[in-house]
Amino acid sequence: MLKGVKAIIFDMDGVIIDSEPLWRRAMILSFNEIGIPFTEEECRMTTGLRFIEVAEFWFTTHNVTHMTVFEFDHLVISRLCDLIIKEGKLMKGVEESLIHFKKHGYKIALGTSSNVRLMDTVIDDLGIREYFDAVCSAEHLEYGKPHPEVFLNCAKELNVKPTECLVIEDSVNGVIAAKAAQMKVLVVPEDENMHNPKFAIADYKLSSLVEFLEIA
């Protein structure tokens, strides 16, 4: 799996931290609070996108004019950061994987669609910043995933070729972004999405990082 690989790039939401349930709570509460009927099904429709893009989509769909997308983005991210500080926890196998990769000399980066504030909250609150040689957010990029730019930026920061990178992802948009960057990709989907046929383009698919450590 790691032949020719010099760097590992982790996605954040759903890979590093079990944030999807927290995202859903923050989004459902906030969207309903401003008058947009919102359920977990709507949450799943936009998994892997930058939240500002999610907000723009639903604001346009429901013709929201009494609040700006940026005000709403701030509301949801603030609510989510509070939830992460109170309830956030690493996904199974994450810390062990970081230790494993560090021990064996791989460069490690974080490449996320989430904004810088949220990224910093996660890696600092969970105490894992020391493992990363680079952290890259798509917040200020022209395009988020499935565009490959955030992963290409990671490779540049690490001073490695894209073809020397293995990306660990959980979403279809993230897998598409990694393949578009000409990187290998390991997808670790949430249980209910494990058999999504769109993951066929990934190089590898496992149920958890614990399973990866057993074969690494």
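Is C165 buried or exposed? At 0% relative accessibility, C165 counts as buried. Keep that residue in mind as you go through these close-ups of a predicted model.

**Figure 1. Cysteines without a partner.** A disulfide is a covalent bond between the sulfur atoms of two cysteines. How many disulfides does the structure hold? The count is zero. Start with C136, whose closest cysteine sulfur is the one in C154, 3.6 Å away. To count as a disulfide, two cysteine sulfur atoms must be within 2.5 Å, so the distance from C136 to C154 is too far for a bond. C165 is in no disulfide either, and here the nearest cysteine sulfur, again that of C154, is 8.0 Å away. As for exposure, C136 has a relative accessible area of 8% and is buried. C165 is buried too, at 0%.

**Figure 2. A serine in a loop.** Where should you look for S171? Follow the chain from strand 4 (165–169) towards helix 8 (172–180), and you will find S171 in the loop between them. This serine is buried, because its relative accessible area is 5% and buried means under 20%. Now look at the side chain of S171: one of its polar atoms lies 3.0 Å from the backbone nitrogen of G174.

**Figure 3. The largest pocket.** Rolling a probe the size of a water molecule over the atoms shows where empty space is left. The largest pocket has a volume of about 420 Å³. Its lining is made up of 18 residues, and those nearest the centre are G14, D18, M91, P189 and E190. Which helix gives the largest share of this lining? Helix 1 (residues 20–33) does, with three residues. If you sort the lining of the largest pocket by chemical character, you get eight charged, seven nonpolar and three polar residues.

**Figure 4. The second largest pocket.** This view turns to another open space, the second largest pocket, which holds about 270 Å³. There are 13 residues in its lining, with R44, T47, V172, N193 and N196 closest to the centre. Which helices each supply at least two residues of this lining? They are helix 2 (40–45) and helix 8. You have met helix 8 already, at one end of the loop that holds S171. By character, the lining of the second largest pocket has six polar, five charged and two nonpolar residues.

Definitions and conventions. Residues numbered from 1 in each chain as written. Predicted model: local features only at pLDDT ≥ 70, side-chain atom pairs only at ≥ 80, totals over all residues. Heavy atoms only, no water. Buried < 20%, exposed > 50% of the residue type's maximum accessible area, 1.4 Å probe, protein only. Helix = DSSP H or I, 4+ residues; strand = E, 2+ residues; numbered from the N terminus. Polar contact = N/O pair within 3.5 Å; in protein donor to acceptor, adjacent residues only side chain to side chain. 1 Å grid on protein atoms, 1.4 Å probe; cavity = no way out; pocket = protein on both sides within 12 Å on 5 of 7 lines; lining within 4 Å. Points joined across faces, edges and corners; volume = space filled by probe spheres on them. Nonpolar A, V, L, I, M, F, W, Y, C, P; charged D, E, K, R; others polar.
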